[in-house]
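I opened the model to look up a pocket and its lining, one acidic side chain and one helix. My entries follow in that order.

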Amino acid sequence: MAIEIVTFGCRLNAFESEVIRREVDRAGLSDTIVINSCAVTNEAVAQARQSIRRLRRERPDARIVVTGCAAQTQAQMFADMAEVDRVVGNDDKMRSDAWRDARAAFDTGIVSDKIAVTDIMAVKQMAPHLVDGFQRGLPRVFVQVQNGCDHRCTFCIIPYGRGNSRSVPMGAVVEQVRVLVERGHAEIVLTGVDLTSYGTDLPGAPKLGMLTKQILRHVPELKRLRISSIDSIEADRDLLDVIADDARLMPHLHLSLQSGDDMILKRMKRRHLRQDAIDFCAQVRRLRPDIALGADIIAGFPTETEEMFARSQDLVEECGLTFLHVFPYSKRPGTPAARMPQVAGGEIRERAKRLRATGEAALRKRLETEICAVREVLIESATAGRTEHFVPVAIAGEVVGSVKRLAIAGHDGARLNTQ
């Protein structure tokens with residue numbers, strides 16, 4: 001009769017799955033499987049569908065509920081699957097009444113419509129969600145401070161799954177962080193869909209930098225604060241000041257760059273150019289010389305030539321990137337990019353493979369520089385940890401949840417080791 005949550009996609013979905021787990025439990029649902037789906041690529045949607053079919057075979061008597069971004073954007077497709085009992089919208093999934101309604105429908109057998117999806121664009125506010133189900137002492141936990149996106153990149157379906165940008169008030173965020181620190185969590189990660197748009201909908205329009213300063217000022221017991229993916233063109237002065245001045249903000253940023261070619265960036269409807277990315281990386285490196293930088297890059301965007309792709313590869317070196325998250329371009333129906341001349345699928349996969357190899361080489365280069373350094377390592381499990389720079393470390397014999405000063409002895413090409 002167990003509840004099972006299956007999560008696809010981003011860190012925000014992982015956080016929201018914990019909220020779903022709590023609300024499903026409060027609603028009294030049992031023997032239920034919740035698929036928290038992702039819509040960022042066709043492959044992500046296909047994986048969710050495959051998982052649904054497999055789970056129905058494995059647990060034929062369980063109820064299967066689909067939610068998340070793909071459920072929001074393709075609700076009818078999931079409702080048409082015989083294996084699916086209910087489809088819950090992406091905002092609805094965070095609300096208690098949605099799960100109480102699901103239980104009532106299942107208990108009474110009265111299901112007039114499988115689909116319980118409201119208009120995501122009508123959602124204007126965001127309530128804070130403190131996950132009291134986080135295991136005490138869990139090393140790293142996420143705090144959702146923002147959701148949705150006001151931008152319309154030509155390749156992206158996510159605004160239609162998440163709605164427009166909305167933020168959690170600063171006071172509520174600070175209080176969540178304080179409670180989590182009191183529970184023994186060493187590292188807090190601020191997360192959202194478009195994190196650097198934080199605050200545009202709040203009174204006074206505070207920015208991410210101000211939020212970060214308030215957290216560090218009012219929760220002095222917090223050991224480590226980390227920021228998830230940001231749009232570099234939106235980084236504000238306060239955020240740069242914190243990067244430079246407060247060691248508790250981890251020296252690691254992941255950037256939404258997407259391409260290294262100006263024409264492709266324009267066709268993507270991005271708000272930065274290649275030189276903007278290079279200049280930003282140089283700026284933050286002046287402020288924090290040891291900072292580690294990662295980036296999202298799409299391979300094979302429509303109209304991308306080999307020369308344009310080469311500029312994305314070259315950007316890894318020019319920006320000094322350590323971590324690369326490579327997305328093979330995925331045609332999403334309803335987006336402007338889907339109507340542009342497409343790159344052949346085989347060429348997309350081949351470019352993505354080459355770009356990943358470039359990323360692996362960049363990581364090895366960083367690992368080499370870490371040898372003989374002493375790092376503050378967050379012990380995540382009995383065998384693994386992360387440095388301040390988010391570099392993975394193989395460890396043994398340390399207390400999970402602690403932060404230990406460890407000397408780096410070498411690496412295996414993918415992670416550091418201490419002996």
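I looked first at which element gives the most to the lining of the second largest pocket, and found helix 13, with six residues. I note that this is a predicted model, in which local features need pLDDT of at least 70 and side-chain atom pairs count only at pLDDT 80 or more, while totals for chains, interfaces and linings use all residues. Residues are numbered from 1 along each chain as its sequence is written, and side-chain values use heavy atoms, without hydrogens and water.

Helix 12 (306–318), strand 13 (321–328) and helix 13 (345–370) each supply at least two residues of this lining; helices (H or I, at least four residues) and strands (E, at least two) are DSSP runs, numbered from the N terminus.

I then looked up glutamate 187, which is found in strand 9 (residues 187–191). Glutamate 187 counts as buried because its relative accessibility is 0%, where buried means under 20% relative accessible area with a 1.4 Å probe, protein chains only. Its contacts (heavy atoms within 4.5 Å), leaving aside neighbours within four places in sequence, include Val141, Arg224, Met250 and Leu378.

Last I turned to helix 9 (residues 237–245), whose buried residues are Leu239, Leu240, Val242 and Ile243. Seen down the axis of helix 9, these fall within an arc of 160°, so they line one face of the helix; the arc is that of the directions from the helix axis to the C-beta atoms. I recorded helix 8 (208–218) and strand 10 (224–227) among the elements that cover them.

Definitions and conventions:
Buried < 20%, exposed > 50% of the residue type's maximum accessible area, 1.4 Å probe, protein only.
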